[in-house]
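User: I would like to learn how to read a protein model, beginning with single residues and moving on to larger features. May we work through an example together?

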Amino acid sequence: VSVTFEPMAKKLVTQDDYALLKARQDEFRAGYRSWRAGGLKGAKGETGKGLPAGGAAGVAGFRAGNLNWRSGGASGARGDAAGAEGAGQTRNILVASKEEVMHEDDATTAAAKGEPWMRFYLHPDSDFHRSMTGELVTHPLKSANLPAIAKNVKHNGSHANTTPLPAYARAVASFDGIICHLGVGGFHRSHEAMYVHRLLLMQAEQTADKEHKVHGRGRWGLVGLGLMPWDKGMRDAMVKQDCLYTVLGRDPESTTGTIVGAMCDFVYAPDDETGRLAVERLAHPATKIVSLTVTEKGYCLDVDGKLDTANPLVKHDLEALKGERPHSAVGTIVKALELRRLRGVGAFAVLSCDNLPGNGTLSKAMVLGFLEALGDEDLTEWVKENAAFPNTMVDRITPATRPLGVPCPFSDGIRSLCRETCGVDDEWPVIAESYTQWVVEDAFPLGRPAWEEVGALFVADVHPYEMMKLRLLNAGHSAISYCSYLIGHRYVDSAMDPTNTSPLAKQGAAANPVRGFLRAFFQEQTPTVPPVPGVDTEEYKVDLEKRFSNPYIKDTLQRLAEDGSQKLVTTMRDAALQNAGAGRPTPLFALVVATWVRYLTGIDEQGGAIEIKDPRAEELTTMARQIFGCRGGQLPVSAPKEAPVAFLRSVFGQELAACQPIVKAVHSALTDIASTSTLDALEKYAAH
C-alpha cells in the first residue's frame, strides 16, 4: 500500500487487517454467487442510496478495486472509487470531497498507534471492517439491549442504513390512545405499525423541543391480539423481544433497517379460555381503534358478502355460553362492543387493513350480520349509531417470513441481513419493499393518530384508490403467479426479467414473455379503473413493473398464488364483467383463469407436484383435474370438450357463468394450454 509503516506496526496491524480483507473478499464472492443463483444475500455491491457516489457493483468491480489497492491505489475492496488523488494522499472510497482526503502521515500515525489503517481506505459508512477485530457484534432484540444496539450500529458504521431506534416511552399506560390489532402478521408489521412507529419518533423529537402532541391528537400505541392457534408463534416471538422487531426495506438502491417499537403488548386469546383478557383489552376505554388484517377468510362472509352463519367459528360464537371465549374476529369485536355499551364507553372504529375492495364496508357487514343473527336489536342500533367502519387502501409488498426454528432458508437469510444491517438477532423479522402507501377515510368517532404527518392520505372517498390498486397491483400479482410458476419460475423478480427465459423454453427461444403478458393484462384492466386524484395511471403501471421486478425481496410466486378462489373474485371478476358489458373482449382474464385451473390440477408441466393453498383446495383440485382430464392426477392433460360452466359458477357466481363471451374465452384459453403448453399460450396472448 502507499503508506510506510514502522516494522512493529506493520507486523501487528497490517497482517491482521489483510487477513480481514481476505475474509471479506471471500464473503463477497460467496454472496455474489448466492445472489446470481437466486439467493437472498447479495454481493454487497448494491449501489448505495445516500452515499456520495455510486460505483461498479459485483465481482468485476471488486477485483478491479482489490488489484488497485494491492498496487498502491486508494480504492479498496468495493472497487468503486476513483483511486488516489495527488501525491502522498489516500482517500476513502465513494467519497468525492477534498475535505475527506487523508494524508499518508495521518494514516501512518494512526497505524502506529494500533488503529486499523484499512478504515482510511474505505467509506466510513461501509460495513466492510465492521469492528476492530473483524467480528460482527450482535445483540438479542429486546428493550434492555437498545442502548448497546445503538452503540453497536454506530461502531460498525451501519448507521447510514439504520433508522432511529425506538427510544420513546412504550408502556401501555403512557399512550393517549390504544389501537388493538387482530391478526398480527408480516404485512401489519411492515405497514400500519410502521406508520405508528414513525409518528412516535416524530413526537419524541418534538417532545425534546417542548412540543408534546402533534395537532393535539396525542400519542398512540399498538396492542397485538392473536385469536388463532397459529398466532402462538407470533406471541412467543413478540413477548420474548418485548414486542420489538425489525423491518428491512429493500430495493435496488438500498437496504434500510428499522427497529419498530410501536407495539407495546401482545395478548394471545387462547391463553385464557374465558376470553376475558382479549375481550377486556378491546373493551377498555383506552382502546379507540380496532384494526384488522385477517385476510378474506377471517371475515367469514359468503359469496354474496353476507355473514356465513354456518362457518364453524361464527356458529360457535353465536351459540357460545356466557363467559366462553369467542373464536372469531367478529365474535370478539361484538362481545367487546357489548361490554362498552353496558359500561357507557363509546364505540371504537373498526379499521380494516386487508386487501379487499370496500374493506370497511365488509367489516360493517360482518359485524351487523353477526348482531342480526344474535338478535340483539338494542345493541345493533347502538353500533349503527356510534361505531365507524372506514374504508382503506393499503399497499406495501411484504413477502412472508417464518419464525426462528421453522426451516426456511429465505427467513434465515433475512435474519442474517438483520444482524449485518442493525446488529440485532431478531427471531421473526420482516422484509418489504421500500414503497408504502395508505389511503384512509377519515371516520374515527374516538379520535385517531395524526398519520397524515408521516405519509398517510385521508380522503372522503377511498374507492378510486382501491380500485386502481386491486385491479392493477393485486390483479397483476395473481395474473402472473400461475403462468410464471407453470413455466418454471419460482420468484416474482425472476419471472419479470425479460432476459430470463423460462427453464422450459427451447434453446434459442424468444425473451421471457411474462412482462409482455402483464402489460397486455394491464391494458385490458385499465378501462375499468376510475380516475384517481393526483395519479397518472400509465405511470402507476410502469412503477408496478419496477416494483414487481425488485430482486432484493425475493417474493415467491407461490405466495401470490395462494387463495385464488378469493383473490380472483375480488380483483378480477367485476372488471371482466364490466369489460364484457361494454363489448370489450377479455382474453387476458380468460388466460389467467385457464392458468389458474391448470395450476389447481396440482401437477406442473414436468409432472412435479404443486402444493395448493386455498380454502377450497380439495374441491377445486378435483374439478380442475376433471376439466383437463388428468386421470389419477397424472399427466398428460387434454383439452376440455365443454366450457367449464360449473366451475365458473362455483367460483365467480351465476352472472359471470352466464356471460357467453367470457365463458367462450376461458374455454378457448384452456384449449390453447392443453393443446400446446402454458409457455406457448403465454407468448400468444402477450401479443394481444
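Analyst: Let us begin with Thr295 in this predicted model. Thr295 has a relative accessibility of 34%, so the residue counts as partly exposed, a class that runs between the cut-offs of 20% and 50%.

User: Where does Thr295 lie, and what is its phi value?

Analyst: Thr295 is found in the loop that joins strand S9 (287–292) to helix H9 (312–319). Its phi is near 65 degrees, which is a positive value in a residue other than glycine.

User: Which loop holds Asp242, and what is the phi of Asp242?

Analyst: The loop between helix H7 (232–240) and strand S6 (245–251) holds Asp242. Phi of Asp242 is near 55 degrees, again a positive value in a residue other than glycine. With a relative accessible area of 34%, Asp242 is partly exposed.

User: How should one describe the packing of two helices?

Analyst: Two packed helices are described by the angle between their axes and by the distance between those axes. Here, helix H10 (residues 329–343) packs against helix H12 (residues 377–386) at an angle of about 90 degrees, and their axes are 11 Å apart. An angle from 65 to 115 degrees counts as roughly perpendicular, and H10 and H12 are therefore roughly perpendicular to each other.

User: Which residues make the contact between H10 and H12?

Analyst: H10 contributes Val334, Leu337, Glu338, Arg340 and Arg341, while H12 contributes Asp378, Leu379, Trp382 and Val383. Sorted by class, this contact of H10 with H12 has five nonpolar, four charged and no polar residues.

User: What tends to happen to nonpolar side chains in soluble globular proteins?

Analyst: In such proteins, nonpolar side chains tend to be buried together. In this model, the largest nonpolar core has 99 residues, and Phe548, Phe647 and Phe652 have the most contacts inside it. Leaving aside neighbours within four places in sequence, Phe647 is in contact with Trp596, Val597, Leu600, Leu620, Met623 and Ile627. Another core, of 83 residues, lies apart from the largest one and includes Phe370, Val383, Val430 and Trp451.

User: What describes the protein as a whole?

Analyst: The protein has 25 helices and 15 strands. Of its 688 residues, 56% are buried. Among contacts with a separation of 6 or more, 75% come from residues 24 or more positions apart. The accessible surface comes to about 28,700 Å², and carbon and sulfur atoms account for 52% of that surface.

Definitions and conventions. Residues are numbered from 1 along each chain as its sequence is written. This is a predicted model: local features need pLDDT of at least 70, side-chain atom pairs count only at pLDDT 80 or more; totals for chains, interfaces and linings use all residues. Side-chain values use heavy atoms; hydrogens and water are left out. Helices (H or I, at least four residues) and strands (E, at least two) are DSSP runs, numbered from the N terminus. Buried means under 20% relative accessible area, exposed over 50%, partly exposed in between (1.4 Å probe, protein chains only). Contact means heavy atoms within 4.5 Å. Accessible areas come from the Shrake-Rupley method with a 1.4 Å probe; for residues, only the protein chains shown count as cover. Axes are lines fitted to C-alpha atoms, for helices over the stretch in contact, and angles run from 0 to 180 degrees between N-to-C directions. Angles under 35 degrees count as roughly parallel, over 145 as roughly antiparallel, 65 to 115 as roughly perpendicular and the rest as oblique. Ala, Val, Leu, Ile, Met, Phe, Trp, Tyr, Cys and Pro count as nonpolar, Asp, Glu, Lys and Arg as charged, and the others, Gly among them, as polar. A nonpolar core is a set of buried Ala, Val, Leu, Ile, Met, Phe, Trp, Tyr and Cys residues joined through side-chain atoms within 4.5 Å.
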